[in-house]
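Reader: I should like to go through this structure in a series of questions, beginning with the ligand and then turning to the helices and the sheet. Please show the sequence and the structure before we start.

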Amino acid sequence: MNHEASNIKAHLVKGKKKIPIDARYGSRHSLLVRLLDVNPFVGNTEFSGLVIEFNGGKFELGPCRLVSEPSVDGYDGRLIFVSEVYDLQRLFFESKIVKLQDAFLNLPLILAHKDKIKQSFKDYTANLSYDLNVYKNLFDELDAEYAEEPEDIKKAIQKAIIDTEGKKFMHYLDDKLDELEEVVADFSKEEHERHGFYFRKQLWNFIMCSPIMKRTNLKPRGYAGDSEMMRMIYSNDYEGESTFSKLMQKHPLEQPGAQAVRNRRKIIAKTLTNIQNNYSDLQPEKFKVLSIACGAAFEMKDILLSPEDSEKYHFTLLDQDRSALSEAAARVEQIGKQLGAKIKVDYINASVRTMVATRQLAKKWGQFHFLYCMGLFDYLTPPVARAVLGTLYQLLKPGGEMLIGNFHISNPSRYYMEYWNDWVLYYRTEEEFMDLLRDVPSEKKSIFFEDTGCQMFLHVKKQTKEL
Ligand SMILES: C[S@@+](CC[C@H](N)C(=O)[O-])C[C@H]1O[C@@H](n2cnc3c(N)ncnc32)[C@H](O)[C@@H]1O
C-alpha cells in the first residue's frame, strides 16, 4: 500500500480527548489532515500528540499544531510538529520513527573528539585555517572590485589574478601539504581517521568552496569517485563561483593522484588499440571488450576516433551505479552521432559482488578479448579483490588480456585525499597486487606504472589453451 497517497487512520490527542482524523502524507515533515468529528477546525490549534496506525503498527508522535490552509483536496489543513520534528518519509516507507533532532544524539561524542587530537596537529590546522581566511578575504575583495566589469573583461582580470597571486597561493598550499605529511608521518590508521575528521570539521567552510572537495566529502551518491567527480578530474578546470573557489578546485586536480587518473585513461585506449591490432583477422566477429566499474566511460572518446573504430568493437559496460551507466550510454550515443556510426554496447547494471556469486557467468555474458577495470580495486579488500580477479579471468577468451588498476602504497597524494577529500583507498604494493593472482594460472602477468608512479596496472594474459 502506498501510504504517501492514501488516507491513514489517525487521531489527535488534546487533553483526554481523542479527535479522529484522516491524515495523508503532505511533505517530508508535514501531514495533510481532515477532521472527522463535527466540530469545525480552528486554525493554529495545538495538540499534545498524534497517533497513526498503518501496516499493523501504531506510531505515537509528539506535540503538533494544525495550520489552516486553503482546502487542498478537501483537507482542513496541515499538521506540523512543534517539538520533535519527524521524518514522515521514513515513517511511511520504513515504518520507523526518525526525528530531525536525532542528529544531535552524537553531539557529546563529536565535541569530545577534539580532546584526542595531538597539539602539533591542532597548531597546524589552526595556522592553516587562519591563513586560508586571510587568502579568501583578499581574493573575495578583489572579486568584488571588478564585479561590475563586462563578462569578458571580468574573465581576463580573473585570469590575471589566478596567474599571479593565484599561483603563489597554490605554492603556499603545496608547502602546507608537505607540512601535513610531516605532522601525520607517524600516525596509525586510527589516528589518521581521527585527525582527518577533526581537520575536515575545522576547515569545512574552505572545503565547501571547492566543487570537487565538496562532492568527495558530501558523497551525494554514497561513494567517492562518482562520475561527476571523475568528470572534474578529467576536465581539470578552474571551476567554482569565485577566484578562491576556482583555486581550491584546481589545486587538488593538479596533484599527482589526479594526474595518475588522467594518465590511466590514456593507457586504457593505448593498450586496447595495441591488443586489438593483433586480431586483424576477426571479421565479421567484433573485438569484445568488457569494462568493469565503467563509470561514465569517458575513455570511449579516446578509443572511438573513427567510424572504422566503431565497427571493430563490441563493448560491455558494467557498473553498480545506474546514473553512471546512463551517462555512459549518452556519451556512446553522442560519439555514434558524431562519427555517423553505430556502436555496439551492452550495459550491465550490477555489482562485482553479485558478479562473483553468479554461476556460469561466461555462458551468460560470453568471453572477452580484452577487459579492464580502473578505479575499483582501490576499494576492495584482498579476499574480494582475489575473487573478482578470478571471475574476470574466467571471462577472458583463451589468449585474452586484462588490465587492472590500483593505486600504489606510495601515492604522494594519499594524505591530501584522506584529510581534505575524505577519500580513503585500499593501497597495495606490487607484491600484494600480484599476490591477488596467486590462484590464477595465467600465461603472462606483469605490473607497470603510469608516469606519476601513483598508480600501477596489472596486465594479465590468459593461457591460449584452457586447462
Ligand atoms: C572511481 S570510479 C571509476 C570509473 C571509471 N572506471 C573511470 O576510471 O573513469 C569507480 C566506479 O566503480 C563503481 N563501483 C564501485 N563499486 C562497485 C561494485 N561493487 N561493482 C560495480 N561497480 C562498482 C562506481 O559506481 C564507480 O562508477
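Reader: Which residues come nearest to the ligand?

Author: The model is a predicted one. In it, 17 residues lie around the ligand. Those that come nearest are Gly225, Ala293, Gly295, Asp321 and Gly375.

Reader: How many residues of the shell around the ligand are nonpolar, polar and charged?

Author: The shell can be sorted by residue class, with Gly counted as polar. On that basis, the shell around the ligand holds 9 nonpolar, 5 polar and 3 charged residues.

Reader: Are helix 7 and helix 9 roughly parallel or roughly perpendicular?

Author: Helix 7 spans residues 211-218 and helix 9 spans residues 243-253. Their axes lie 7 Å apart and form an angle of about 70 degrees. Angles of 65 to 115 degrees count as roughly perpendicular. Helix 7 is therefore, with respect to helix 9, roughly perpendicular.

Reader: What is the make-up by class of the contact of helix 7 with helix 9?

Author: From helix 7, the residues Pro211, Ile212 and Met213 take part, and they meet Met248, Gln249, Pro252 and Leu253 of helix 9. Sorted by class, this contact has no charged residues, 1 polar and 6 nonpolar.

Reader: Is helix 7 roughly parallel or roughly antiparallel to helix 8?

Author: Helix 8 covers residues 227-235, and its axis is 10 Å from that of helix 7. The angle between the two is about 155 degrees. Since angles over 145 degrees count as such, the arrangement of helix 7 and helix 8 is roughly antiparallel.

Reader: Which residues of helix 7 and helix 8 make the contact?

Author: The crossing of helix 7 past helix 8 is left-handed. By class, their contact has 4 nonpolar, 1 polar and 2 charged residues. Helix 7 contributes Pro211, Ile212, Arg215 and Thr216, and helix 8 contributes Glu228, Met229 and Met232.

Reader: Which strands stand at the edges of the open sheet?

Author: The open sheet is formed by 7 strands with mixed pairing, in the order 11-10-9-12-13-15-14. The twist from one strand to the next averages 15 degrees. Two strands have a single partner strand each, so one side of each lacks a neighbour in the sheet: strand 11 and strand 14.

Reader: Which residue of strand 15 is the bridge partner of Phe407?

Author: Strand 13 (residues 396-407) pairs with strand 15 in the antiparallel sense over 7 bridges. In strand 15, the partner of Phe407 is Gln455.

Reader: Which residue in the hairpin of strand 14 and strand 15 takes a positive phi?

Author: Strand 14 (residues 444-449) and strand 15 (residues 455-461) are antiparallel and share 6 bridges, with Lys445 opposite Val460. The hairpin has 5 residues between the strands. The residue with a positive phi, near 80 degrees, is Gly453.

Notes: Residues are numbered from 1 along each chain as its sequence is written. This is a predicted model: local features need pLDDT of at least 70, side-chain atom pairs count only at pLDDT 80 or more; totals for chains, interfaces and linings use all residues. A residue is near a molecule or strand if its C-beta atom, placed from the backbone, lies within 6 Å of it. Two strands pair if DSSP finds at least two bridges between them. Helices (H or I, at least four residues) and strands (E, at least two) are DSSP runs, numbered from the N terminus. Axes are lines fitted to C-alpha atoms, for helices over the stretch in contact, and angles run from 0 to 180 degrees between N-to-C directions. Angles under 35 degrees count as roughly parallel, over 145 as roughly antiparallel, 65 to 115 as roughly perpendicular and the rest as oblique. Two residues are in contact if their C-beta atoms, placed from the backbone, lie within 7 Å. A crossing is left-handed if the near helix is turned anticlockwise from the far one by less than a right angle, and right-handed if clockwise.
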